[in-house]
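Thank you all for coming. I would like to walk through one structure this morning, going from a few single residues to helices and then to charged pairs, and I will put it on the screen now.

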Amino acid sequence: MKPTLLILAAGMASRYGSMKQVDGFGPNGETIIDYSIHDAIRAGFGKISFIIREEFLDSFKAIFEPKLAGKVETDYVFQSYDLKPFGIDYEVERAKPWGTAHAVLAARNQVKEPFCVINADDYYGYDAFEKMAKFLTTEVADDKYSLIGYQIDKTLSEYGSVSRGVCKVNDEGNMVEINERTQVYFKGDGVVYEEGGVETELPTDTRVSMNFWGFTPAVFEQSLPMFQRFVEKNKDNPKAEFFIPLVADELIKTGTASFKVIPTSSKWFGVTYKEDKPIVQKSISDLVANGVYPSNLWS
C-alpha cells in the first residue's frame, strides 16, 4: 500500500498578506506545494490529500488538478470550526481553526493508509521524501512513528532569529522530547539560541523538527481524546492551538508510541512574510540551474 502525503494548507497566511499556499515561486509560477508533490510522487507516494478550508476548494482544484491528473490520486479534507464531528457538543468562538494536530484529525475518515504530514509553505527536499516513504512502507507501526530531523544550520535565516523545535534524541535514534526555542540564529560560524537574555550554543548538526511527521491511521484514535481535553481546557482561550508536537509529546511520555528521528541532508526553506518571496524564488532558481528540477516542473 503506497503512503499518502497530507499537506497542511488551511492556514490564513495573515502575515504574508495573501494565500501563500498557491503563490508562484518557480520559473513557471510553480508553488512550493508543486515541488513537494513532485518529490513525493518520485519517492513513491500514492495519494495527495490537501487539508484546506472549504472556501479554498475551487482555487486548489483549478491550480492542481490539471497538473496532477493521471500522475497521482488527489483528495481534499476540510478543516473547520465545527467541533461536533469530534464529539464536542458546544461551539467555541475563534478567529482561526485549532492548529496542526486538529487539521490532521480532520482527515481521520479519509486516510486509511500510512501517511506523512507537511506544511504547504515549506520546501523539504527529495531526500526527506525518499526517507519518509521508505519508513512508511517498511518500518511504521501503530506504536512506531517518525519525523524528519533537519540539521539546524540548514534551516536558519540570514536575516534574523527564528523559532525551532529542537529535538532531544536518544542512543536508539528516537525522540525523547522537543524543546521550542523561540530565538535561534547564526552567530559567527556557529548557532545559538537566546533565552532570558542568555545565549546558549547549539551544535550545527543539532536536529530540529520542521513539521514533517510519519504516522499510521492509529494516531487518529490516539489523539482524539487529547483534542477533546485540549478544547475543554482552552475553550476560553481563542489563540490556543493543538499542535502535532503536543500529541507526540504525550504519546512518548505515556509509552504509546516512539518517534524515530530520520536525519536528512536536505536544506529547508520556507515563506512566512512577503519579504521572503525573492529569497525562496532564488533558492528554487538555483535548484533548477543545478538540475535538481526541470525548468517546467510538469511538462
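Let me begin with Ile 37, which, once its neighbours within four places in sequence are set aside, is in contact with Ile 7, Ile 48, Phe 50, Phe 64, Leu 68 and Trp 298. Please keep in mind throughout that this is a predicted model. Ile 37 sits in helix H1, and its relative accessible area is 0%, so Ile 37 is classed as buried. As a distance for orientation, the C-alpha atom of Ile 37 is separated by 13 Å from that of Asp 75, and these two residues are 38 apart along the chain.

A second buried residue is Thr 4, in strand E1, with a relative accessibility of 1%. If we do not count residues up to four places away in sequence, Thr 4 touches Phe 45, Lys 47, Ser 49, Glu 113, Pro 114, Phe 115 and Cys 116.

Now to two of the helices, beginning with H4, which runs over residues 126–138. Its 13 residues should span 18 Å at 1.5 Å a residue, and the end C-alpha atoms are indeed 18 Å apart, in agreement with that expectation. Which residues of H4 are buried? They are Tyr 126, Asp 127, Ala 128, Phe 129, Met 132, Ala 133, Phe 135 and Leu 136. What they pack against is a set of elements from several parts of the sequence, namely strand E1 (4–8), helix H1, strand E4 (115–119), strand E6 (144–151), strand E11 and strand E12 (258–264). Two of those elements we have already met, since E1 holds Thr 4 and H1 holds Ile 37.

Helix H7, residues 277–289, also has 13 residues, and from its first C-alpha to its last it reaches 18 Å, which is close to the 18 Å expected at 1.5 Å a residue. In H7 the buried residues are Val 280, Ile 284, Leu 287 and Val 288. Around the axis these cover an arc of only 100 degrees, and therefore they lie on the same side of H7. They pack against helix H1 (32–43), strand E5 (122–123) and strand E13 (269–270). After H7 comes Gly 291, whose phi is positive, near 80 degrees.

Let me turn to the charged residues, and to Arg 207, which is placed in strand E11, residues 207–215. Is Arg 207 buried or exposed? It is buried, and yet it has no salt bridge, the nearest side chain of opposite charge being that of Asp 205, 6.3 Å away. A salt bridge here requires the nitrogen and the carboxyl oxygen to be within 4 Å, so a separation like that does not qualify. What the side chain of Arg 207 does reach, at 3.1 Å, is the backbone oxygen of Thr 264. Leaving aside neighbours within four places in sequence, the contacts of Arg 207 are with Gly 149, Tyr 150, Gln 151, Gly 165, Val 166, Cys 167, Val 261, Pro 263 and Thr 264.

How many salt bridges does a search of the whole structure find? The number is 13, and I will go through three of them.

In one of these, the side chains of Lys 96 and Glu 241 meet at 3.2 Å, N to O. Lys 96 lies in the loop between strand E3 (73–78) and helix H3 (100–105), whereas Glu 241 lies in the loop between helix H5 (218–234) and helix H6 (244–253), so this pair ties together parts that are 145 residues apart in sequence. Both partners are partly exposed, Lys 96 with a relative accessible area of 38% and Glu 241 with a relative accessibility of 21%.

Another salt bridge joins Glu 232 and Lys 235, whose closest N and O atoms are 3.1 Å apart. Here too the two residues are partly exposed, at 41% for Glu 232 and 34% for Lys 235.

The last pair on my list is Lys 253 with Asp 249, again with 3.1 Å between the closest N and O atoms. These two are four residues apart in helix H6, and are therefore separated by about one helical turn. Lys 253 is exposed, with a relative accessible area of 64%, while Asp 249 is partly exposed at 27%. Elsewhere, salt bridges that share partners join Glu 139, Lys 144 and Lys 260 into one network.

Terms used. Residues numbered from 1 in each chain as written. Predicted model: local features only at pLDDT ≥ 70, side-chain atom pairs only at ≥ 80, totals over all residues. Heavy atoms only, no water. Buried < 20%, exposed > 50% of the residue type's maximum accessible area, 1.4 Å probe, protein only. Expected span 1.5 Å × (residues − 1). Arc of directions from axis to C-beta. Contact = heavy atoms within 4.5 Å. Lys, Arg positive; Asp, Glu negative; His and termini not counted. Polar contact = N/O pair within 3.5 Å; in protein donor to acceptor, adjacent residues only side chain to side chain.
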